[in-house]
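Trainee: Could we go through the charged residues of this model together?
Mentor: Certainly; please bring up the structure.

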Amino acid sequence: MRLMSSAKTERLVNLTMALLGTKRYMTKSEIFRRVSGYSGSGETKERMFERDKDDLRTLGIEIEVASHDPLFEDEVGYRIRPELFQLREKFDSEELGLVSLALGLIADSEFVDTTYSLNRRINSLAVSPLTPEEFRLSEINVVENGLSELLEALSERKTVTFSYQKEGASKSENRRVNSLGLSAWRGSWYLVGEDLDRDDVRVFKLSRISSRIETSSSSNSYVIPADFSIKDYLVMLKPGEYSVKVRVRRALALNLRNMPGSITQLDDDWDLLHIDFKDQEQALREILWLGPDAVVEEPAELRSAVVARLEKLVRNHG
Amino acid sequence: MVETAAARAIRLIDLVPFLHNNPGITLREVADQFNVTVSEIVKDLDLLFMCGLPGYTPLELIDLSIDDGIVSLREPQNLDSPRRFSQTEALLIRVALAALEELLPDSKRVKVRVLREKFTRLFTDQVPNEAISFASDAERTKLKVVSDSISQGKKLLITYLNPTKSEVTERKISVTRVIPESHRTLIEAWCDASNGIRTFNLANMKSVNLIDEDSIRTTSAEAEVITKAILRSSEDNRFIRENHAQLEKREDRFLIDIFQDEWLVRSALAEGGELLVESPDRIRARVAFLAGESLKNYSKPD
C-alpha cells in the first residue's frame, strides 16, 4: 500500500497536468470523473479538491476560475494557463549564464532555496546556460534582512507595515508603506515608498526596521508610476545643505570632487572645493577619511571639530 | 522536517522538464541538482511513472526508465518546459543582476543591463526598471577584491585608466604587494601585457575582477597573511553598526579580519576617535601618524 502522502503527491501532479492540458474550463464534476486520485463520497472529494487547489496556489501555480456556461453560473470551471505556468520566453546561452552567475551572488543567503529552484529551472531549458568561466566574483554582501519580504510586497504591489526607528529618534514608530523601489547603496539597502499615514514619499533604511515586516493580503493595491526612478529619492545622491570650503591635494579626493560644487585651483599642490554635504556629520567623516590630503577652510565650527577629532585620534592611537 | 505532499509534487513537476532537456543524466547528478538523496529520486521517479493526463493509458502517461543509473524520459506529456518565474522570483533575479552589473568589468556591463531590462519587460513590468538599483562602495569593494586575489592566488582583470596618457586598457595582473602611501594606495603587480612588475594606483582602476587563472609567482611576491584587528568602540558607533556582520564580539572588544590595512586605517580616521584600533601596532601607528600629519595642516600659519 502506498503512503497517503504519495497518493496526494500523485493526485496533485495529475491535477496540474489535467488543468494545464485542458483548453476549456474543467468543472469539478469533470475533474472528479476524469482526474485520477479523487475517490470517496461527494463531500470527501469536494474537501480534497479544495485543499489541493489551495496547495497548488500556495506553490505559486495560478488556477483560473470561470463559468464557461453563462446559463449555469453556479457550475464554475478551472484551468491553468500554459503561458502563465511554463517558461516560454526565449533566452540564449549567454543570458542564462549571466543569470546563473548573478544567482551565485545571493545563493549563500536566506534565498538559498529560491536560487536552487531557479537554477534547476534554468538548467531545464532546451538551451544550456554558458557561464563566462573566466570570472570569479568577489564575495560581496548582496542581501539584507527584510529584503525577501519587501521584494515580494513590491512585486505584487502589497502594502507593508513595520516599525521604524528614525535616525536620532529614541523609539520606533509604526509605518504603513506602499513600496515603490529598493536600492542598495554602500552595503545597505533602502526602501523608497509612499508612507500612507504621512501622505508623502519617504526613504527607509532596512537596518532601521525594528519589527517583522507584515505584508497585506491584497495584491495590486497601488500602481508604481512607469517613470519612477529610485535615484530621484535617495538623499545621498542629492545635494545637501551644509556648505563647506575644503582644500584638497590635486588629483586626489575623487569622492569629494564627484560631489556637486565648484573647484578652483590654488597652486601646484592644492585645489579648493566648494561643496555641499548633507550635514556636519557627513562632512566630518568624508574629510577625516582623507587624512592629510584635505583641509577644512570654512566654516570655522567644522574646522575646529576636525581638529578636535584629529587630536583625539593622536591621543588614543599614539 | 517532514516534506509536505505539495512540496514533493513541485519537485516531481520540476523533474520532468529537467530530465526531458538533460538526456542521459545519471541518478546521482539528478539528486545533486534537486538537493535530495538518490533513493528519494528513485522514489520520485517511481511515482512520476504513474502520473499523466486524463485517460491514463500508456499513451497519456509520463514515460521514463532507469537503466544502469541513467535516467531516460521518453514522454514528458505537457510538462516539457520548466515553470515560469514568478513576479517575486523575477524581481530577485533583477536584484542579483543589478549587483552583478556593479561587479563586472565595464566591457561586460552593457549585456547585463540589457538582460535586466528584458526581465523587467517580460516578468515584472509593473515595477519599473529604475525602481531597483545597486551601488556598492567602489573603493572598499576594490580593496576587498585585491585582498581576495592575494589570498586565493588568482589573477585580477583590471580596467586601468592611465591619467597621463588618458587611455583605458584592460590588463591581467598578479598582485605582489599593496603599498599604502600617505596620498594614495598603490598596487604592485606582475602585468601580463607588460611582461614585468608594474605599479598601479588603486584610484585609477575603474574595475577590478578576480579571474580563474592562477597568479604568476614572482620572487618578490610576499603573500600577505590575513590577520585580525582588535577594535574598541561603543555598540552604536556607525562603523560598528555598518560592519556588524563582519565583526566578532569579545567582551568589550570587537575583532575584524583585515583584508587590507588601508581601509581600516581610513575608517578609524573617519570615526574621529570614536573607534580605537588597539592592534595590530602597524595600523594603530599609521592612524596616529596620519592624524598627526593632518593636524600639521591646521597649525601652519595661513
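**Charged residues**

Mentor: Arg79(A) is found in strand β3 (residues 76–79) of chain A; strands (E, at least two residues) and helices (H or I, at least four) are DSSP runs numbered from the N terminus. This is a predicted model, in which local features need pLDDT of at least 70, side-chain atom pairs count only at pLDDT 80 or more, and totals for chains, interfaces and linings use all residues. Residues are numbered from 1 along each chain as its sequence is written, chains are lettered from A and ligands numbered from 1 in the order in which they are written, and side-chain values use heavy atoms, with hydrogens and water left out.

Trainee: How far from Arg79(A) is the nearest side chain of opposite charge?
Mentor: That side chain, Glu64(A), is 4.3 Å away, and the buried Arg79(A) has no salt bridge. Buried means under 20% relative accessible area, exposed over 50%, partly exposed in between (1.4 Å probe, protein chains only). A salt bridge is a side-chain nitrogen of Lys or Arg within 4 Å of a carboxyl oxygen of Asp or Glu. Lys and Arg count as positive, Asp and Glu as negative; His and the chain ends are not counted.

Trainee: Which backbone oxygen does the side chain of Arg79(A) reach?
Mentor: That of Lys23(A), at 3.5 Å.

Trainee: Changing topic, what does Glu43(A) form a salt bridge with?
Mentor: Its partner is Arg47(A), with the closest N and O atoms 3.5 Å apart. The two are four residues apart in helix α3 (residues 42–58) of chain A, so about one helical turn separates them.

Trainee: Is Glu43(A) buried or exposed?
Mentor: Glu43(A) is exposed, at 59% relative accessible area, while Arg47(A) is partly exposed at 46%.

Note on methods:
Polar contact = N/O pair within 3.5 Å; in protein donor to acceptor, adjacent residues only side chain to side chain.
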